[in-house]
Each structure stands twice: as structure tokens, then as C-alpha cells.
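Trainee: Please take me closely through one part of this model, the way you would read it yourself. I would like one connected account rather than a list.

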Amino acid sequence: MKENGKVTNIFLSGVGGQGTILASNILGEVFLKAGYDVKKSEVHGMAQRGGDVTTHFRFGEKVYSPLIKYGDVDFLISFELLEAARYINWVKPEGKIIINRQEILPPAVSLGQMAYPKDIEKTFKKYFKNSVWVVNGQEIARKLGNIQAANVVLVGAFSNFFPEFKEEQWTDAIKEVLAAKLHELNITAFHEGRKALEG
Amino acid sequence: MKKIMQGNEAIARGAWEAGVTVGCAYPGTPSSEIMAELSKYKEIYTEWSPNEKVAVEVAHGASLAGGRAIACMKHVGLNVAADPLMTIAYTGVKGGSVIVVADDPGQHSSQNEQDSRHWTRFGKVPMLEPADSEECKDFTKIAFDIGERFDTPVLLRSETRVSHCDSLVELGERKESMIQKGLDQKETPKYVMVPMYSRVRRVAVEERIIKLAAYADAEFPYNSMEINDPSIGFISSGVSYLYTREVFPRYSFLKLGMVWPLPRNTIAEFFKKVKKVIVVEELDPFFETEIKAMGYKVWHGKDLIPAIGELSPSIVEQSLRKAVEGKHYKAPKIRIKPEDLPRRPPNLCAGCSHRPLFYALKKLGLYVFGDIGCYALAVAPPLSAMHASTCMAACVGGAYGAGKVLGKDGLGKICAVLGDSTFLHGGIGPLMDAVYNKGYSTTLILDNGITAMTGQQEHPGTGYTIQNEPASMIDYEQLARAVGVKHVKKVDPYQVEETMEVIREEVNRDDASVIITENSPCILLRRAKPLEKFKNPFYVVDTDKCRGCKVCLEINCPAISWQEGAGQTKDGHKRKGTGFINKDQCVGCEVCAQICKFEAMIPGIK
């Protein structure tokens, strides 16, 4: 078995209930079917209930650790701005960042004790220049009639980084992971997300 | 066929392929999905047991009848199940019997961080430790074979980063066990552990562990050695091995699939093949201590690697880079200091019935003996309404015990609060104690109709089995009365004033009492239609009336936030800001409207 093949590290972050895990399940199907070894790790239980949620997703010829090394992230996919900022130090200097432009207030901000951090997008652009893509996932999903689909909008945006994969590989994975009644909405969300990154 | 599976799903798959007939568990993160997954296989009887001790006892009975059985729990669950485990270790098994224990290094979702590997040496039973989902499946299968061959229960140790990690698994077919089903009265000396028989079994236990050690060396297929650069050799197991293999791929490795007994000859061989040995293990120096006791020199171990918290590839690298490669670990660039960002701790859901209940307790100024469940979130400010919490159902005895010290001075000041599932897990015994020994504690049972924290599992009070079949249902009032509690009240926690009134009366009573919440299903429990009882779909803040007093913020509702901005009410009261309700999150529970003194929370219109 070849073991010096590159492993790609994708870090997904968001707030409990945003569908981080579902998004990572779609990635899992895509890269499994493409013949890669895949490992992903997430924390359940007390860590949910509106708390921050992260998933480490890794694929390559052979993957050992389920966790990504700090500072080794190739792709940061964040479903919320503050949860993107929280993991900015994890990204490699040449890493790529896809962020959903949405703010969900944490308790300290709700209670008026702290301000929601400003300029998160600017900070990302300062360090990562043209490798930052901000998507209005929630707005796109709202127009489609279900804000819950914002996660799949971001998956659509992310899919642009793998031109070697056909569109069906992604939509088949969505069908595999989601119940039939949700296919149409989420496949549309995927296409909208895929378009959102162009230009 | 290869499939992506979560570690827990793969353990269930392994049990199914091994021909398991009975599975029992009490849910607990990170173990809960094992039984939930196993319940999907039609060939297997599965159950949510009231607690882990019962789960192990049911599995043992199944084993004596010749069935392969599995019991699953989180690390602290094995403390509860330790009583049967330590003696089943003597009786041995008939059908293979596997106990899965899932540790939680880093305490993602647990009250402590105990290292379950100590049970294997303590209990004199073998323990296997998988690293990924494929091993979860394979190790579960072989655990049943080991158990039947050596007449022993087998521990399978998982942990958060194994149970909740997904990786590829090669699926196999189910193979039924060859063990004859049936009970045999002639086997009494083996299964009745009275001293005259258990002294005999005591000897068998020691003989067994010697045979198992020989097996670990000569036959067990998952202790594996990989000799690359021999200047340094790592001894490790489970996910710690994966981290180390990732960070230092060019060196040599001994990966232990069996935690206990250790393969002494294999370890000796490894020490011959490599120059220096580093032991990498999470939590306690279990291998390190044992290997040092064998007389070997361990170059590095817990002198460099933290014993507290979970490991990660980053921590392994930070701890060992200098020792292994002579150069210091270089930390990545800090772009934003994480400590400058607002934290995002978990919170009770919008509309949760625990929120008004704990608000009431806070207003009453009670010392709250709390417990394990979602409601432990009430400890966080601004609710700050929990003052002690230890382990499952400990609050009942705790509140009662405190009253024995404080006497009359404690009246009106103490209560015990726990959920329905937690109460059934271990609360009945201490409630009997409080009544029998004349305590005055008040026990509040927060009945939300499900085991909520771990993700909606049934229990004997929900009316459904794990297969979603209708079942008998505990009547908490009848139960409390049956153990002798004379004062049993019911409250609707969404009626804050009335609830406070009942609690005030009961905590001041010089006799044991029980208060049960009703009309309070978990907001995520769809079958109970929890939202239907709310009159309005959501509330909004009437800025004509809001004086910016911030009372609504005290309940820590995720839908309510503070909006800065000087202004005044319609009748001229100056204010610095107002409350604000996010209507996407509000479910209309009305609690904020009840506590607002200025009637500023008004129904919203869709």
C-alpha cells in the first residue's frame, strides 16, 4: 500500500443544529466512492445543544489519524462567521476557506457582555487573500424555502475545488445520505452553492 | 463491500456478524449509538436497560442460556456495573459475553476522565482496544471467540475518538454461534458464587489469565509490530497509535490490540529490535507502568506526554518532536487569539421545560443538588441554579444527607433535582432511604418523557421499547407513594408562579416529598407534540413597554438577546437598550412573558 500519498484535511465548523455532520456525511460518500480512504471525527452529546460543533474530515490513499494536526487544514468550511474565526489558526498559509455569511449570537453576546467580533471576513482576507470565499448560504437556502439547506449550499460551493469529480458524484452522494423527500431541495441547494462560487 | 461506518455502528455490526442474540445498554455518550444501531438487526433482542448493572446482569443470564450477549456503556457506567463484572469474572461465560466500555478522554460529555483500562487488570478479564471502525468490527467479533474459548467475559474499550469517528469497514456475513442453547443445573458450582465454590473459581481465574497471556503472544492477530527505523520504537494502542503513526511514520511501532494481558514475549522481542522505546498512551501510564515492572527501560512516556485530557496528533508532536528528532516543535502562526473570541457553550433548547423550573429554583434561593442530564446546563450563568452534581441519581441521597447535618436549619433551603431517566437509573434506592430514615428532602423529578441528553432513548417511564413498541410505563407518583413518600405533587413548570409556590411549600415541609413535572416533554420529542401546548407561535418585545431591565436575560433563552440603544418607553421611562427575541428561534413557551414585570413580551403574529 502506498503510504506517502497526500492526505487532504478538511475542517468543518458551525453551531449545533446547522447540519455540519450531514455535510460531512455527503463528503464521506463522495470520497469513498472515488476510491479514497476516509476518516472523520466529530463530538456528540453535551457538545451539541447550540454549542460549537466541529468535524475533522480527512481523505487520501491511506489515512491514519482521524484528527487533523493543528495548523494543517487544507480547507476550512464554516457555517457561521464566529465559528470560522475560532479555527483560523488551524488553516495552512496556502489553505482555502469557505464561509457561510451568517452570525449566530453566542450567550455572552446575547447577554450584552461581549460584542460579536467585527471584521471576521476582513481578517480572513488579510491572511488568505484570494483564497477566501464567503457565501450567502442562508439567504440562498431561504429563497429555496428552507434555511436548513444552507449546509448543502456550502457543499455545492466546496465542490468547485474538485473539477475531476462529475456533478453526479455529488448529487448521488446527497441522494445516498438524505431521505428521498429532501432530495429535490438539497440538490437544488447544491447547484446554487456550486454557482455561488463562480467569478 | 466497504462502507463508511461510525465506530459504534461498526461495533454493532461486529456483534451482529458474531451471531449475538441479546444486547443491553443504558445510553451514555460516547457509547449510545451501539445499542441504537444493534436494535436495527432483526435477529437480535435488544433493550434499553434501566442502568448498566442491569444491562450486564441481563447479558450474563443470556450467556448462561447459551446465547452470545453484549452490554454497552460509557466509562462511568462500568462503575455501576462493576459489581456483576467482578464476579462474572469468576463464573465465566457460556455464550460469549462482551462488555463494551467507551471512555471519554477530554471529558467532552462526562463528569470525570477515568481510564477504563484499569478494570481489566483489576477484574482479571481480557480487554481489547480498537483504533478505528474496521477494528471495532473485527475486535468485537474476535472478543466473542476469545470469551467462549477461555471462559471469560471480555471487555472492549472504545473512546470518543473511536466511537464517534467514521472510517471504512469491510462488511461480512452473520455467523450463528455453535454453543448449545439451554440451562444446565449440573453446572451449579461454576455459577453459584458462594465461598465454597467461588474459592475454586478464584484459582481458575488466575490460571485463565496465564493462558490468555500465552494466547496474546502466540495467537491473537491484532498485536502488530512494524519495524522501520529501529532507532526509536513506539509502543501504543487504539487511537493514540494512529496519532503517533501519523506524526512519526519513519520509526518502528508495536501496536497493542489487546490491552490485557500483555504479550510479554512480543514486548521482549520489540525491545531487542529497537534501540529506544517511547510509550504513547492516553490518560494513565498503564502500559508504561507494566512495561517498567517487566524490567525494561522506557525512554519516554508520561514524563513528556500529558496524562490529563485527550491526545491528538498535535499533542503527540508537541510532546515528542524534540526528543525524537532533536528539533523543537514550531507552533503555527496565531492570526486570532481564540481566548479573545466569545465562547459558545451548549445551552438548554428554546422552549425547554427545564429553563422555567431552574429559574424558579434560583428565585427561591435553594441549594440545588443536581444530577446528570441536559439540566446540568442550568449550572451555567446566568441561570446558575445548580450547586452540587456527582453521578447518576446522586442528588437524591445528597439532599437527604445534607438535611441530616443541618436539621431544622436546612428546611426550606435544599432540594434534589433529576430527570426521569436518571431517577429510574438510581434514584429509587436513595428515595427509600430518605423516607425510611426520616429525612425531609424534596426530590424533583423532571419528567420530559425521554432520555434526552444522549439523544432521545426510551426508558421504563416512556411507554416504548427500543424497537418503538408500546410498553408498560412507570407511574412516578405511584412509585413514590409505594416507597412511602406521603407528599407527592405535580407541577407544570411552564407556570412559573404556581411551580414556585408548590416547591416553596414542599421544601419547607419536615418530611420527605416528591414533586413531578407534567406537561413537560422534551422539546425535541416529536411524538409528544411539545409545541402544541404553546398558545402562540412566538413572542416579540413591545418596545413601547420594554424598560431594558434585563430580567428576560436571566433565563438564558437562546432566542433572547440584548439590544444596546438609548431610548424610552411610550410612557417616558428612559432605558439603555431593550430585549430582543429572534423569532426564528422562539417557540412561544411564554416563560419570558411570565417573568417580565412590564408586560413587554407580547405574542407575535405569523
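Mentor: Let's begin with S9(B) and strand S11 (residues 251-255) of chain B, which pair in the antiparallel sense over three bridges. Strands pair when DSSP finds at least two bridges between them, and the elements are DSSP runs numbered from the N terminus, helices being H or I with at least four residues and strands E with at least two. Follow Glu226(B) across, and you reach its bridge partner in S11(B), Phe253(B).

Before going on, a word on reading the picture. This is a predicted model, in which local features need pLDDT of at least 70 and side-chain atom pairs count only at pLDDT 80 or more, while totals for chains, interfaces and linings use all residues. Residues are numbered from 1 along each chain as its sequence is written, while chains are lettered from A and ligands numbered from 1 in the order in which they are written.

Now widen the view from that pair. S9 and S11 belong to an open sheet of four strands in chain B, with the order S9-S11-S10-S13 and mixed pairing. Strand S9 (224-226) and strand S13 (276-280) of chain B each have a single partner strand, so they are the edges, and one side of each has no neighbour in the sheet. From one strand to the next, the twist averages 20 degrees, with axes fitted as lines to C-alpha atoms (for helices, over the stretch in contact) and angles running from 0 to 180 degrees between N-to-C directions.

Where does this fit in the chain? Chain B is divided into domain 1 (2-218), domain 2 (224-325), domain 3 (354-528) and domain 4 (539-603), with bounds from an automatic or database domain assignment. The centres of domain 3 and domain 4 of chain B, taken over C-alpha atoms, are 30 Å apart. Their contact takes eight residues from domain 3 of chain B and 11 residues from domain 4 of chain B; residues are in contact if their C-beta atoms, placed from the backbone, lie within 7 Å. Helix H15 (residues 354-364) of chain B gives the largest share of the domain 3 side, three residues. That side has seven nonpolar, no polar and one charged residues, where Ala, Val, Leu, Ile, Met, Phe, Trp, Tyr, Cys and Pro count as nonpolar, Asp, Glu, Lys and Arg as charged, and the others, Gly among them, as polar.

You can compare the first strand pair with another one. Strand S20 (residues 560-568) and strand S21 (residues 574-581) of chain B pair in the antiparallel sense over seven bridges. Gln563(B) has Thr578(B) as its bridge partner in S21(B). The hairpin of S20(B) and S21(B) has five residues between the strands, and Gly572(B) there takes a positive phi near 90 degrees.

Finally, look across to chain A. The contact of the two chains takes 46 residues from chain B and 44 residues from chain A. On the side of chain B, helix H8 (160-163), strand S8 (165-170), helix H11 (238-247), helix H14 (313-325) and S20 each supply at least two residues. H11(B) provides the largest share, five residues. By class, this side of chain B has 25 nonpolar, 12 polar and nine charged residues. Strand pairing also joins the chains: strand S2 (residues 37-42) of chain A and S8(B) pair in the antiparallel sense over three bridges, and Ser41(A) has Cys165(B) as its bridge partner.
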